[in-house]
Amino acid sequence: MSEEVLVDVLAAGAQRFHRAPEVDRVPKNYGGNDHFALSGLQERKDLKDFDWTYNPKLPRRDILDLCALKFIDAREDALLIGPPGTGKSFVAKAVALMAVQRGYKVLYREAHQLIEDIVEARELGNIRKYRAQIKTLDLLIIDDLFLRRLPAGAGDELADLLMGRYEKASTLITSNRPFTDWSQLIGDVVVVTPLLDRLLHHGRLLNFDGKSWRLKEAAERSITTPTE
């Protein structure tokens, strides 16, 4: 199977792209470790380990439907919106892992990492090639969008990248910020309106509402930790 060399925008020795196989010709039941290594995932999340009882208001049916991966074949997008700690990243990583195991070409990036990739590609003079290669992904997952402040100009770069995937491939985004905040966070209402229009046109919006898993686990640790 032939491979295309992707832009290596790595800093400090961590792997980002390296080489990516042409997975459109790979059988969908292929689940080799190479695909996992190339996906950007650092851990394997499985919905069988997800506790649905802790936040019973989560959109369980929509989450399970998303995990069927039909949205990838339909080139639809997905937006997972809700407070921190409600399981958005867990679900995103579980979807990514299932897609990898099915042989889809997947890249998982936390939003700040993706921005760093874009900035580095521009500095190396490879931004056009980088954008073209992002378009070849079956599924791009951007986790925790707006968890950190975007650097100047990054909003436009991100919008261009996402709009370039519209109706061509699937993008899954998680964020703890409501849509009403996006204009201010990106810095340009003129950009946000058409961006959301495209993401939601063929997209799935999943609202995560409930208590924070992280706060629960922190409270449990404080109870079980012996005091001196």
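Trainee: The expected span of a helix is 1.5 Å times one less than its number of residues; how far does helix α9 reach from its first C-alpha to its last?

Mentor: Helix α9 covers residues 189–201, 13 in total, and reaches 18 Å, close to the 18 Å expected. Helices here are DSSP runs of H or I with at least four residues, strands are runs of E with at least two, and both are numbered from the N terminus. Keep in mind that this is a predicted model: local features need pLDDT of at least 70 and side-chain atom pairs count only at pLDDT 80 or more, while totals for chains, interfaces and linings use all residues. Residues are numbered from 1 along each chain as its sequence is written, and side-chain values use heavy atoms, leaving out hydrogens and water.

Trainee: Ok, which residues of α9 are buried?

Mentor: V191, V192, L195, L196 and L199. Buried means under 20% relative accessible area, exposed over 50% and partly exposed in between (1.4 Å probe, protein chains only). Seen down the axis of α9, the buried residues fall within an arc of 115°, so they line one face of the helix. That arc is taken from the directions from the helix axis to the C-beta atoms.

Trainee: And what's exposed on the other side of α9?

Mentor: V190, T193 and D197.

Trainee: What covers the buried residues of α9?

Mentor: The cover includes β3, α7 (154–164), β6 (170–175), α8 (182–186) and β7, with contact meaning heavy atoms within 4.5 Å.

Trainee: Switching to the sheet: what's the strand order?

Mentor: It's an open sheet of five strands, β4-β5-β6-β3-β7, with parallel pairing. The edges are β4 (106–110) and β7 (203–207), each pairing on one side only. Two strands pair if DSSP finds at least two bridges between them.

Trainee: How many bridges join β3 and β7?

Mentor: Five, in the parallel sense, with β3 at residues 77–81. L79, for one, has L205 in β7 as its bridge partner.

Trainee: New topic. How many aromatic pairs are there in the whole structure?

Mentor: Four. Rings of Phe, Tyr and Trp (its six-membered ring) pair if their centres lie within 6.5 Å; planes under 30 degrees apart count as stacked, over 60 as edge-to-face, the rest as tilted. F146 and W182 make an edge-to-face pair, 5.1 Å centre to centre with 70° between the planes.

Trainee: Where do F146 and W182 sit in the chain?

Mentor: F146 is in the loop between β5 (139–143) and α7, and W182 is in helix α8, 36 residues apart. W182 counts as buried because its relative accessibility is 0%.

Definitions and conventions: Expected span 1.5 Å × (residues − 1).
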